[in-house]
Amino acid sequence: MPVQPIARKMFAPGSTDYSLIFVHQATGHSVEFPASIQSFTDIHTPEFSERTFAGRMDPIYQQSAIIRNIDFTFIVANGSIEEARHNRQSVNLLIQMLYPKIEPISRVPHGSYINVKGLSFLNDTNDDRYVTCLIRGINYSLNIEQGFITPTRGEIYPILLEVSIAAQAIIPTIHSFEEAEELFNSENWQQPYPPSYPNYYKKT
């Protein structure tokens, strides 16, 4: 039996259906890329604590946490001088979001917490159409083989640029574990994590 091809929806340039949007929590600044995703990995790693007891051969394991690491790479194409200049500013602002901002009163630095949205597999839940991440690294590189746009002397832009993001997702909680323990065995008890987290499908 022949395999039927999967129908694919094509998006016009500038469509927000496939744009990646990054919002910096500390400042509210945002950047948007009409990007083409090249790779994506979403790794969920449970962490366990181990306890051993005299007279028991096997240790007892208790899950203490879970870590969600998200890595993805996207390509940004510059089709004109205006696009090239805009994308350069956007990449520059995205990198600036990694640097901590200090509150004048508390002097507490805000880390690089960024909300990422634009892809269905980046949703926290059905209600939150984004995922909050601690960005651990941004790798920005140029595709030299594709050539450059050189509108004026001393001004040069790549036709294609590649951005790789390494991030740890901040898993949302409904309440703290201490509150969960206080509510245990009561009618108001609920899991500390949203029951629909993570959510890879679009709400219907």
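## Tyr 140 and the nonpolar surface patch

Tyr 140 sits in strand β8, which runs over residues 131-142. In this predicted model, Tyr 140 has a relative accessible area of 35% and is therefore partly exposed, since the partly exposed class lies between 20% and 50%.

Tyr 140 has company at the surface: together with Leu 142, Ile 144, Phe 148 and Ile 156 it forms a nonpolar patch. The five residues add up to about 470 Å² of accessible area.

## Strand β11 and its two partners

From the strand that carries Tyr 140, we can step across to a neighbour: β8 pairs with β11 in the antiparallel sense, over nine bridges. One place to look is Ile 135, which stands opposite Ala 167 in β11.

Strand β11 covers residues 160-169, and seven of its 10 residues are buried, so the strand is mostly covered. Strand β4 (residues 60-77) is another partner of β11, again antiparallel and again with nine bridges. Here Ile 75 has Glu 162 of β11 as its bridge partner.

## Helix α1: one side in, one side out

Helix α1 takes in residues 81-96, which makes 16 residues. At 1.5 Å a residue the helix should span 22 Å, and its end C-alpha atoms lie 23 Å apart, which agrees.

Which residues of α1 are buried? They are Ala 84, Asn 87, Ser 90, Val 91 and Leu 94. These residues cover an arc of only 130 degrees around the axis, and so they lie on the same side of α1. The general geometry helps here: an α-helix has 3.6 residues a turn, so residues three or four places apart point the same way. On the other side of α1 you will find Glu 82 and Gln 89, both exposed.

## Two salt bridges

How many salt bridges does the structure hold? There are two. In one of them, the side chains of Asp 42 and Arg 68 meet at 2.8 Å, N to O. This pair links distant parts of the chain, with Asp 42 in strand β3 (residues 36-51) and Arg 68 in strand β4, 26 residues apart. Asp 42 has a relative accessible area of 19% and counts as buried, because the cut-off for that class is under 20%. Arg 68 is buried too, at 1% relative accessibility.

The side chains of Arg 85 and Glu 155 also meet in a salt bridge, at 2.8 Å, N to O. This pair too links distant parts of the chain: Arg 85 belongs to helix α1, while Glu 155 is in the loop between β9 (148-149) and β10 (157-158), 70 residues apart. Is Arg 85 buried or partly exposed? At 32% relative accessibility, Arg 85 counts as partly exposed, whereas Glu 155 is buried, with a relative accessible area of 16%.

## Pro 198, after the second helix

Where is Pro 198 found? Pro 198 is in the segment after α2, the helix of residues 177-183. Pro 198 is partly exposed, with a relative accessible area of 29%.

If you would like a pair of atoms to check in the viewer, try the C-alpha atoms of Pro 198 and Pro 172, which are 9.7 Å apart in space. Along the sequence, Pro 198 and Pro 172 are separated by 26 residues.

Terms used. Residues are numbered from 1 along each chain as its sequence is written. This is a predicted model: local features need pLDDT of at least 70, side-chain atom pairs count only at pLDDT 80 or more; totals for chains, interfaces and linings use all residues. Side-chain values use heavy atoms; hydrogens and water are left out. Patches are made of residues with over 30% relative accessible area and no salt bridge: like charges are joined within 9 Å, nonpolar side chains (Val, Leu, Ile, Met, Phe, Trp, Tyr) within 5 Å. Accessible areas come from the Shrake-Rupley method with a 1.4 Å probe; for residues, only the protein chains shown count as cover. A salt bridge is a side-chain nitrogen of Lys or Arg within 4 Å of a carboxyl oxygen of Asp or Glu. Helices (H or I, at least four residues) and strands (E, at least two) are DSSP runs, numbered from the N terminus. Buried means under 20% relative accessible area, exposed over 50%, partly exposed in between (1.4 Å probe, protein chains only). The expected span of a helix is 1.5 Å times one less than its number of residues. The arc is that of the directions from the helix axis to the C-beta atoms. Two strands pair if DSSP finds at least two bridges between them.
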